[in-house]
Amino acid sequence: MKLSDIESKNLKKDQAEELEGEITHDIIEILENEGITVNMLADSAMELYAPHPGIETRELAQARFLEELDIALSDPNLCMLVYSGILLEREGKAGTLPNISKSSYERDLTFLIADEVLGMSIANYISGDKGTFEFVRFDKKKPGLLSTLGPFMDDVIGGLIGGVSANMYTRAMAEAARSASRKSEN
């Protein structure tokens, strides 16, 4: 059976299909309150920058990264995934995570994988397998900001940077290829 074979029923009669009301909490502001700025994200991403067609310089790559980050963070679903990591980090620091002691949280035990799953989910949500690949790269190297974050936030931010970086490289290469194709046609 496929998901498309399941009959859809509107069990929540008045459920909205689009965002409503005024947005009072912006994920960028929430991240900044946690000590994580957009510039810190970009700087960390650029530590693993590799020249590609369309982003031959670090400056071009950083500008593209910031554009892709803005696009990614316009998605409320992604913002909620990032926010869930923030809340988990706060609870870990407070020692109130279920079924784990504060000292185990602080030691970032290797058998606890919820943080990794959340980071991979974020990267995959943004950019699929390419994002997951980039997440692993950032998770292993922990450049810049990532080396200073707690057990949940290093993976959440690693997933965010990894997914956005994957889109940055993919889009830049696609645009470079289209530009080269147009030039060869003329």
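When I speak of a helix in this talk, I mean a DSSP run of H or I that is at least four residues in length, and the helices are numbered from the N terminus, so that H4, for instance, is simply a place in that numbering. With that settled, good morning, and let me take you through the structure on the screen, which is a predicted model.

I will begin with the chain as a whole. The protein has 186 residues, of which buried residues make up 37%. Its secondary structure comes to seven helices and zero strands, and reading along the sequence therefore gives the pattern α-α-α-α-α-α-α. If you follow the C-alpha trace along its principal axes, the protein spans about 65 × 45 × 40 Å.

Let me turn to the pockets. The largest pocket holds about 580 Å³ of space. It is lined by 22 residues, and those closest to its centre are Ile 23, His 25, Asp 26, Ile 27 and Cys 79. If you ask which elements give two or more residues to this lining, they are helix H1, residues 27-33, helix H3, residues 58-72, and helix H4, residues 76-94. H4 provides the largest share, with four residues. As to the character of the lining of this largest pocket, 13 of its residues are nonpolar, four are polar and five are charged.

The second largest pocket holds about 170 Å³ of space. Its lining, if you would like to find it on the screen, is made by Leu 97, Pro 98, Ile 100, Ser 104, Tyr 105, Asp 108, Leu 109, Leu 112, Ala 114, Asp 115, Pro 151 and Phe 152. Here the elements that give two or more residues are helix H5, which covers residues 102-107, and H6. The residues lining this second largest pocket divide into nine nonpolar, one polar and two charged.

Helix H6, residues 114-141, also takes us to the surface, as Val 117 lies in it. Val 117 joins Ile 113 and Met 120 in a nonpolar patch on the surface, and together these residues have about 240 Å² of accessible area. Is Val 117 itself buried or partly exposed? Its relative accessibility is 39%, so Val 117 counts as partly exposed.

Now to the charged pairs. Side chains of opposite charge can pair when their charged atoms come close, and in this model the count comes to six salt bridges. I will describe some of them, starting with the one between the side chains of Glu 68 and Arg 171, at 2.3 Å from N to O. This pair links distant parts of the chain, with Glu 68 in helix H3 and Arg 171 in helix H7, 103 residues apart. Glu 68 counts as buried because its relative accessibility is 3%, whereas Arg 171, with a relative accessible area of 35%, is partly exposed.

What joins Asp 139, Lys 142 and Asp 154 into one network? To answer that, we can take the bridges in turn. The side chains of Asp 139 and Lys 142 meet in a salt bridge at 2.5 Å, N to O. Lys 142 also meets the side chain of Asp 154 in a salt bridge, at 3.1 Å, N to O. This second pair links distant parts of the chain, with Asp 154 in helix H7 and Lys 142 in the loop between H6 and H7, twelve residues apart. The answer, then, is that salt bridges with shared partners join Asp 139, Lys 142 and Asp 154 into one network. Asp 139 counts as buried, as its relative accessibility is 16%, and Asp 154 is buried too, with a relative accessible area of 6%. Lys 142, by contrast, has a relative accessible area of 24% and is partly exposed.

I will end with one more contact that involves helix H7, residues 153-185, where Ala 176 is found. Ala 176 and Gly 54 are 122 residues apart in sequence, and yet their C-alpha atoms are 5.0 Å apart in space. Ala 176 has a relative accessible area of 23%, which means that this residue is partly exposed. Thank you, and I am happy to go back to any of these places on the screen.

Definitions and conventions: Residues numbered from 1 in each chain as written. Predicted model: local features only at pLDDT ≥ 70, side-chain atom pairs only at ≥ 80, totals over all residues. Heavy atoms only, no water. Patch = residues over 30% accessible without salt bridge, like charges linked within 9 Å, V, L, I, M, F, W, Y side chains within 5 Å. Areas by Shrake-Rupley, 256 points an atom, 1.4 Å probe, with all protein chains shown as cover. Salt bridge = Lys/Arg side-chain N within 4 Å of Asp/Glu carboxyl O. Buried < 20%, exposed > 50% of the residue type's maximum accessible area, 1.4 Å probe, protein only. 1 Å grid on protein atoms, 1.4 Å probe; cavity = no way out; pocket = protein on both sides within 12 Å on 5 of 7 lines; lining within 4 Å. Points joined across faces, edges and corners; volume = space filled by probe spheres on them. Nonpolar A, V, L, I, M, F, W, Y, C, P; charged D, E, K, R; others polar.
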